[in-house]
Amino acid sequence: MSINSQNIEDLIILCKQKNQKAQFEVYNRYSKAMYNVAYRIVKDEHFAQDVMQEAFLKAFTKIDTFKEEVTFGAWLKKIVINYSIDFYKKNNRFQLADLGTTVQKVEDDASFFIDNLDLDSLKISNVFDSILNLKDNYRMVLTLFYIEGYDHEEISEILKITNANCRTTLNRAKNTLRKKLEELDRITKPCF
């Protein structure tokens, strides 16, 4: 049976045996998704590529620690996210801890978008561009929560902030993004 027709479980077994063809196949299957994860955090194509490759190297060297408690993709994604955040912090003097002085109690607001915002007229690329242009801590928390699907506790652990800080940051990020999207919506609506 050829390598590219193997299921991921069989490929992981081969990767644990240091089979380079299996590693290459795993890389080919996951690299695009992992690049996108890295890019949303580091905001630079070349750095995202570097971070993704470093994360794959770490994953392949630590593959014996993969215990199949989660899917391989989820395990790999966590490595990529951690590498991306570490890279970003190191290269941008990013400090989430400074928010600790401004923490306030925030309840989850289910009405993220207001009624008069026409999401149909906004393009996905405009929404992602708006997210990328948010303050770093807002962008990271929104990305981890809405795009990557992490909950408050997981984000708090990843970013090493308190749960209350995470909730406050997420609420402020949503409000800031909503304002940006409202402005974009006003700009893109035709005037008659």
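Colleague: Why does Lys 160 count as exposed?

Modeller: Its relative accessibility is 66%, and exposed means over 50%, partly exposed from there down to 20%, and buried under 20% (1.4 Å probe, protein chains only), so Lys 160 is exposed. This is a predicted model, in which local features need pLDDT of at least 70 and side-chain atom pairs count only at pLDDT 80 or more, while totals for chains, interfaces and linings use all residues. Residues are numbered from 1 along each chain as its sequence is written, and side-chain values use heavy atoms, with hydrogens and water left out.

Colleague: Where is Lys 160 found?

Modeller: Lys 160 lies in the loop between helix 7 and helix 8, helices being DSSP runs of H or I with at least four residues, numbered from the N terminus. The phi of Lys 160 is near 60°, a positive value in a residue other than glycine.

Colleague: What makes Lys 18 partly exposed?

Modeller: Lys 18 has 49% relative accessibility and therefore counts as partly exposed. Lys 18 belongs to the loop between helix 1 and helix 2, and its phi, near 65°, is positive in a residue other than glycine. Most residues other than glycine have a negative phi.

Colleague: Why is helix 2 called oblique to helix 3?

Modeller: Helix 2 (residues 20-42) and helix 3 (residues 45-61) pack at about 135°, with their axes 8 Å apart. That angle makes helix 2 oblique to helix 3, since oblique covers whatever is not under 35 degrees (roughly parallel), over 145 (roughly antiparallel) or 65 to 115 (roughly perpendicular). Axes are lines fitted to C-alpha atoms over the stretch in contact, and angles run from 0 to 180 degrees between N-to-C directions. The crossing of helix 2 and helix 3 is right-handed, that is, the near helix is turned clockwise from the far one by less than a right angle.

Colleague: Which residues of helix 2 meet helix 3?

Modeller: Among them are Tyr 27, Met 34 and Tyr 35 in helix 2, while the helix 3 side includes Met 52, Phe 56 and Phe 60. Here contact means heavy atoms within 4.5 Å. The residues of this contact divide into 14 nonpolar, 4 polar and 1 charged, with Ala, Val, Leu, Ile, Met, Phe, Trp, Tyr, Cys and Pro as nonpolar, Asp, Glu, Lys and Arg as charged, and the others as polar.

Colleague: How do you know whether Met 52 is buried or exposed?

Modeller: Met 52 has 1% relative accessibility and so counts as buried. Met 52, in helix 3, touches Tyr 27, Ser 31, Met 34 and Tyr 35, residues up to four places away in sequence being left out. The C-alpha atoms of Met 52 and Leu 76 are 9.9 Å apart, although 24 residues separate the two along the chain.

Colleague: Why does Val 37 count as buried?

Modeller: Val 37 counts as buried because its relative accessibility is 3%. Val 37 has its place in helix 2 and, leaving aside neighbours within four places, is in contact with Lys 77, Val 80, Ile 81 and Glu 148. From Val 37 to Leu 144 there are 107 residues in sequence and 9.3 Å in space, C-alpha to C-alpha.

Colleague: Why are helix 6 and helix 7 called oblique to each other?

Modeller: The axes of helix 6 and helix 7 come within 10 Å and cross at roughly 135°, and the two helices are therefore oblique to each other. Helix 6 passes helix 7 in a right-handed crossing. Met 140, Val 141, Leu 144 and Phe 145 in helix 6 meet His 152, Ile 155, Ile 158 and Leu 159 in helix 7. By class, this contact has 7 nonpolar, 1 polar and no charged residues.
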